Amino acid sequence: MAEKKEITGLIKLQIPAGKANPAPPVGPALGQHGVNIMDFCNAFNEKTKELQGTLTPVVITVYKDRSFTFITKSPPASTLIMKELNLSKGSQEPNKNKISTISFQQCKKIAEIKFKDLNCHTLEQASEMIAGTAVSMGIEVLR
């Protein structure tokens with residue numbers, strides 16, 4: 001049985017895929033835990049190169065010997081919605097100004113990408129969660 005390493009830190013960041021560098025927020029977050037920043041940047045950029053530029057959440061586990069492991073998650077729902085609809089940002093007043101429309105089929109497509117990171121049991125529930133995010137961004141959902 002493998003020896004269990006002692007965890008000294010858990011760091012959660014959102015970094016553009018394939019573009020991690022030692023500048024903030026990556027450098028300071030990892031530096032305070034004594035992690036080799038360039039080792040992380042190179043490993044992260046290699047793992048996420050196919051998503052190039054898409055905002056990607058990452059959870060970094062730092063161990064007592066200053067080694068680390070990391071898990072990448074799927075991009076935020078709002079980022080995927082904006083990419084799907086070619087928008088640069090959501091509405092400033094989502095309850096008053098609707099800026100676009102999205103079909104429930106498009107919500108389902110995004111839900112398939114996000115499903116493993118969502119707290120739900122069926123694709124239908126995941127699609128409803130994505131639709132809720134769209135509404136909160138000022139996007140009308142067409143059913």
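Lys and Arg count here as positive and Asp and Glu as negative, while His and the chain ends are left out of the tally. With that settled, some notes on this predicted model.

1. **Charges.** The chain carries 18 positive and 13 negative side chains. The centres of those two sets are 3 Å apart. One of the lysines has an aromatic partner: the charged end of lysine 5 sits over the ring of tyrosine 63, at 5.2 Å from the ring centre.

2. **Overall layout.** You are looking at five helices and five strands. Reading from the N terminus, the order is β-α-α-β-β-α-β-α-α-β. Along the principal axes, the C-alpha atoms fill a box of roughly 55 × 35 × 25 Å.

3. **Surface and interior.** The chain has 143 residues, and 37% of them count as buried. Its accessible surface comes to about 8700 Å², with 53% of that belonging to carbon and sulfur atoms. As for who touches whom, take the contacts with a separation of 6 or more: 59% of them are between residues 24 or more positions apart.

4. **The phenylalanine cluster.** This is a spot to pull up on screen. There are four aromatic pairs in the structure. Phenylalanine 40 and phenylalanine 44 make a stacked one, because their ring centres are 5.7 Å apart and their planes meet at 25°, and planes under 30 degrees apart count as stacked. Both of these residues are buried. They are four residues apart in helix α2 (residues 37-47), so about one helical turn separates them. As a reminder, an α-helix has 3.6 residues a turn, so residues three or four places apart point the same way.

5. **From helix to strand.** Phenylalanine 44 also pairs with phenylalanine 70, this time in a tilted arrangement, with 6.3 Å from centre to centre and 50° between the planes. Phenylalanine 44 belongs to helix α2 and phenylalanine 70 to strand β3 (residues 68-72), so this pair ties together parts that are 26 residues apart in sequence. Phenylalanine 44 has 0% relative accessibility and therefore counts as buried. Phenylalanine 70, at 16%, is buried too, because the cut-off is under 20% relative accessible area. Taken together, ring pairs link Phe40, Phe44, Phe68 and Phe70 into a cluster.

6. **Helix α3.** Which residues of α3 (residues 77-85) are buried? They are Ala77, Thr79, Leu80, Ile81, Met82 and Leu85. And what do they pack against? Their partners are the strands β2 (55-63), β4 (100-103) and β5 (139-142), along with the helices α4 (104-114) and α5 (123-136).

7. **A closer look at isoleucine 113.** Isoleucine 113 lies in helix α4. Is this residue buried, exposed or partly exposed? Isoleucine 113 is partly exposed, with a relative accessible area of 44%; that label covers values between the 20% and 50% cut-offs. Setting aside neighbours within four places in sequence, isoleucine 113 is in contact with Ser74 and Leu80. Leu80 is among the buried residues of α3. Another α3 residue to check against is alanine 77: isoleucine 113 and alanine 77 are 36 residues apart in sequence, and their C-alpha atoms are 9.2 Å apart in space.

8. **Backbone points to check.** Most residues other than glycine have a negative phi, and most peptide bonds are trans. Where does the chain have a cis peptide bond? That bond joins proline 24 and proline 25, with omega at about 5°. Proline 25 is in the loop between β1 (7-16) and α1 (26-31).

9. **Two positive phi values.** Arginine 66 is not a glycine, yet its phi is positive, at about 70°. Arginine 66 is found in the loop between β2 and β3 and is exposed, with a relative accessible area of 55%. Asparagine 86, just after α3, likewise takes a positive phi, of about 55°. Its place is in the loop between α3 and β4. Asparagine 86 is exposed as well, at 71% relative accessible area.

Definitions and conventions
Residues are numbered from 1 along each chain as its sequence is written. This is a predicted model: local features need pLDDT of at least 70, side-chain atom pairs count only at pLDDT 80 or more; totals for chains, interfaces and linings use all residues. Side-chain values use heavy atoms; hydrogens and water are left out. Buried means under 20% relative accessible area, exposed over 50%, partly exposed in between (1.4 Å probe, protein chains only). Contact means heavy atoms within 4.5 Å. Rings of Phe, Tyr and Trp (its six-membered ring) pair if their centres lie within 6.5 Å; planes under 30 degrees apart count as stacked, over 60 as edge-to-face and the rest as tilted. A charge sits over a ring if NZ of Lys or CZ of Arg is within 6 Å of the ring centre and within 35 degrees of the ring normal. Accessible areas come from the Shrake-Rupley method with a 1.4 Å probe; for residues, only the protein chains shown count as cover. The place of a charge is taken as NZ of Lys, CZ of Arg, CG of Asp or CD of Glu.
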